[in-house]
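Work through the exercises below with the model open beside you. Try each task before you read its solution.

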Amino acid sequence: MHVDRSAGRTVGRLGAAVAACIALLSAVGCSTDAGTGVRVAADAPDARGSAATAAKDKGGNHGGARPAPSMPEPAVLAQARVNISDGQTVGVGMPISVTFSRPVLAAERKAVESWLRVQTSSGTTGAWSWLKDQNLLDGQRVDFRPGTAYWKPGAKVTLRLGSHGVRHFTVGRSLVATVDASRHEMTVRTGGATQRIPVTTGQPGMDTWNGTMVVMDKQSKVLMDSRTVGLGAEYRGDYFWAVHLTTSGTYVHQNPRADTEAGHRNVTHGCVGLATDGTAKRFYDQVRVGDVVTVTGSDKATVAAGNGYGDWNLTWKQWLEHSAAGETTTA
């Protein structure tokens, strides 16, 4: 398992309630125990907002208070945890993910969604949806995302957790990376700029997940151990400039084998490998939590919605099927 997390920059830490739910990672790519798909902000261990945040609301910042829902506030909101810290800037793909200390019964879910109020500076249509997180029980995680497109860059977003706290965050510039596993190439689009980067992805039998993933966190150094994913002693060592994509251990990271194989052949254990000539560090430096990485052309299935932030792999119709309150406008 991953044993040295102090050397790198980590965005978000596990709270004790979430950490207790961690299971062994499944055999998917380069794995560590460095993530669970539910990121708890380091400065926000629970749902309670600060006095400064409350004062900021009264001052008329974006997301002024709406009238409370008519149904009683569910008690479960008192211990809710949010994946985004107050004041954070995130990428355009970042869902709002709220987790609970116990499963929320189906009969309670509409009330929970109604009291989890999202407002934006630009207005968007979105909805909450209950996802089965890889490390939690059904009913312990509900995510909010816009409908058919990512967040608008520059949008200011407010989340109210009933009477138990407020989060304000900003959506940064758009960065969307597309990895074509069959062509061994990653295309990175940031605003109007496009980069094409040679990569190597999962070798046959250890293919990289297809589908859209969202950056969960990143670290300058991660100790990866193949024994944590049932691959015996195939590898154990430090990998640098690691951008974390799934709970099960998929990363974009520096890999010495990419120096010769990137652009030509897929040789990894499921991660996306970048060369050691500065390519990996340049990608690491430009991405932030919430940026989007989509993999196509792999022989593996599409990553599950609850394996990290795979929310965008569900169509809007599928998303609404797991929403109790339905879609809403956030203006």
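The exercises that follow go from the whole chain to single residue pairs in this predicted model.

**Exercise 1. The whole chain**

Task: State how many helices and strands the protein chain has, and what share of its residues count as buried.

Solution:
- Step 1. Count the elements. The protein chain has six helices and 18 strands.
- Step 2. Turn to burial. The chain has 331 residues, and 56% of them count as buried.
- Step 3. Look at the surface. About 13,000 Å² is exposed, and carbon and sulfur atoms supply 52% of that area.
- Step 4. Check the contacts. Take those between residues at least 6 apart in sequence: 73% of them join residues at least 24 apart.

**Exercise 2. An open sheet**

Task: Give the strand order of the open sheet of five strands, then find which strands stand at the edges.

Solution:
- Step 1. Read across the sheet. The order is β1-β3-β6-β5-β18, and the pairing is antiparallel.
- Step 2. Find the edges. β1 (81-82) and β18 (328-329) each have a single partner strand, so one side of each has no neighbour in the sheet.
- Step 3. Zoom in on one pair. Strand β5 (residues 125-130) and strand β6 (residues 141-146) run antiparallel, joined by five bridges.
- Step 4. Name a bridge. Gly126 has Pro146 in β6 as its bridge partner.

**Exercise 3. Two strands that pair with β17**

Task: Work out in which sense, parallel or antiparallel, β12 and β9 each pair with β17.

Solution:
- Step 1. Take β12 first. Strand β12 and strand β17 (residues 292-296) form four bridges in the antiparallel sense. Thr212 has Thr294 in β17 as its bridge partner.
- Step 2. Now take β9. Strand β9 (residues 175-180) and β17 pair in the parallel sense, over five bridges. Here Val179 stands opposite Val295.
- Step 3. Check the cover on β17. Four of its five residues are buried.
- Step 4. Check β12 (residues 211-214) too. Gly211 and Met213 lie on one side, Thr212 and Val214 on the other, and all are buried.

**Exercise 4. One face of a helix**

Task: List the buried residues of helix α5, then explain why they line one face.

Solution:
- Step 1. Go to α5, residues 279-286. Its buried residues are Thr279, Ala280, Phe283 and Tyr284.
- Step 2. Look down the helix axis. These buried residues fall within an arc of 130 degrees, so they line one face of α5.

**Exercise 5. The nonpolar cores**

Task: Name the residues of the largest nonpolar core that touch the most other members, and the elements that supply this core.

Solution:
- Step 1. Find the best-connected members. The largest nonpolar core has 33 residues, and Ile96, Val98, Phe100, Leu116, Trp128 and Leu159 touch the most other members.
- Step 2. Find the suppliers. Elements giving two or more residues to this core are β3 (96-99), α3 (109-115), β4 (116-120), β5, β6, β7 (156-161) and β8 (166-171).
- Step 3. Pick the top supplier. β7 gives the largest share, three residues.
- Step 4. Follow one member. Leaving out residues up to four places away in sequence, Leu116 touches eight named residues in your view, including Leu77, Val98, Trp128 and Leu161.
- Step 5. Look elsewhere. Another core lies apart, with 22 residues, among them Val179, Val188, Ala280 and Val303.

**Exercise 6. Salt bridges**

Task: Find the salt-bridge partners of Arg141, and decide whether they are buried or exposed.

Solution:
- Step 1. Recall the idea. Side chains of opposite charge can pair when their charged atoms come close.
- Step 2. Take the partner Asp133. Its closest N and O atoms with Arg141 are 2.7 Å apart. Both residues are buried.
- Step 3. Take the partner Asp311. Here the closest N and O atoms are 3.7 Å apart. Arg141 is in strand β6 and Asp311 in the loop between β17 and α6 (316-321), so this pair ties together parts 170 residues apart in sequence. Asp311 is buried, as is Arg141.
- Step 4. Compare another pair. Asp291 forms a salt bridge with Arg173, at 2.9 Å between the closest N and O atoms. Asp291 sits in the loop between α5 and β17, and Arg173 in the loop between β8 and β9, 118 residues apart.
- Step 5. Sort this pair by burial. Buried means under 20% relative accessible area. Asp291, at 0%, counts as buried, whereas Arg173, at 26%, is partly exposed.
- Step 6. Join the pieces. Asp133, Arg141, Asp143 and Asp311 form one network through salt bridges that share partners. The structure holds eight salt bridges.

How values were computed. Residues numbered from 1 in each chain as written. Predicted model: local features only at pLDDT ≥ 70, side-chain atom pairs only at ≥ 80, totals over all residues. Heavy atoms only, no water. Buried < 20%, exposed > 50% of the residue type's maximum accessible area, 1.4 Å probe, protein only. Arc of directions from axis to C-beta. Contact = heavy atoms within 4.5 Å. Areas by Shrake-Rupley, 256 points an atom, 1.4 Å probe, with all protein chains shown as cover. Pairing = 2+ DSSP bridges. Core = buried A, V, L, I, M, F, W, Y, C linked by side-chain atoms within 4.5 Å. Salt bridge = Lys/Arg side-chain N within 4 Å of Asp/Glu carboxyl O.
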